[in-house]
Amino acid sequence: APGQERIQSADTIQALKRVLEFIELHFQSEISLKTLSDVAAMNPNYFCMYFKRLTGSTPIEYLTLYRIEHAAVLLLASDISVVQAAMEAGFNDPSYFIRIFKRYKGVTPKKYQLGHQPA
């Protein structure tokens, strides 16, 4: 029935909201795809497909970008070290962090930090 589809999509949107809130609260911890699909109460494959349809990225890409944005804010807000920023944002491996940061931001975290400081 057409009404049934609407109810399910409302449920799915609620599930997605729970996942986004979970990411906001726990992004500094280790988060697996299984954890996120459990929060959504969905099968991991379906969850991935649905998440990507609604957000344009996979759940793990979204989490990574969320972490990068958090690290970028930290880098601009203080003279925090790149390693500290990486750890605070939930990255365990600073060299991986630097590589991913550069992929998203076009510059290394250090350059980003130095380039955005007031003269």
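How many aromatic pairs does the structure hold? The count is nine. Keep in mind as you look around that this is a predicted model. Let's visit one of those pairs, then a cluster of rings, and finally a glutamine.

**Stop one: F101 and Y112.** Select these two residues and show their side chains. F101 and Y112 form an aromatic pair with an edge-to-face arrangement. The ring centres are 5.3 Å apart, and the planes meet at 75°. F101 belongs to helix α6, which covers residues 94-105, while Y112 sits in helix α7, so this pair ties together parts that are eleven residues apart in sequence.

Are these two residues buried or exposed? F101 is buried, with a relative accessible area of 0%. Y112 is buried as well, at 12%; buried here means under 20%.

**Stop two: a group of rings.** Now select F27, F47, F51, Y62 and Y66. Together these residues form one aromatic cluster.

**Stop three: Q113.** Return to helix α7, which runs over residues 109-115, and pick out Q113. With a relative accessible area of 2%, Q113 counts as buried, because the cut-off is under 20%.

What does the side chain of Q113 reach? Show the backbone of I80 too: the Q113 side chain reaches the backbone oxygen of I80 at 2.9 Å.

To finish, add the surroundings of Q113 to your view. Setting aside neighbours within four places in sequence, Q113 is in contact with L75, L76, S78, D79 and I80. I80 is thus on your screen twice over, as a contact of Q113 and as the residue whose backbone oxygen the Q113 side chain reaches.

Technical notes
Residues are numbered from 1 along each chain as its sequence is written. This is a predicted model: local features need pLDDT of at least 70, side-chain atom pairs count only at pLDDT 80 or more; totals for chains, interfaces and linings use all residues. Side-chain values use heavy atoms; hydrogens and water are left out. Helices (H or I, at least four residues) and strands (E, at least two) are DSSP runs, numbered from the N terminus. Buried means under 20% relative accessible area, exposed over 50%, partly exposed in between (1.4 Å probe, protein chains only). A polar contact is a pair of N or O atoms within 3.5 Å; within protein, one must be able to donate a hydrogen and the other to accept it, and residues adjacent in sequence count only if both atoms are side-chain atoms. Contact means heavy atoms within 4.5 Å. Rings of Phe, Tyr and Trp (its six-membered ring) pair if their centres lie within 6.5 Å; planes under 30 degrees apart count as stacked, over 60 as edge-to-face and the rest as tilted.
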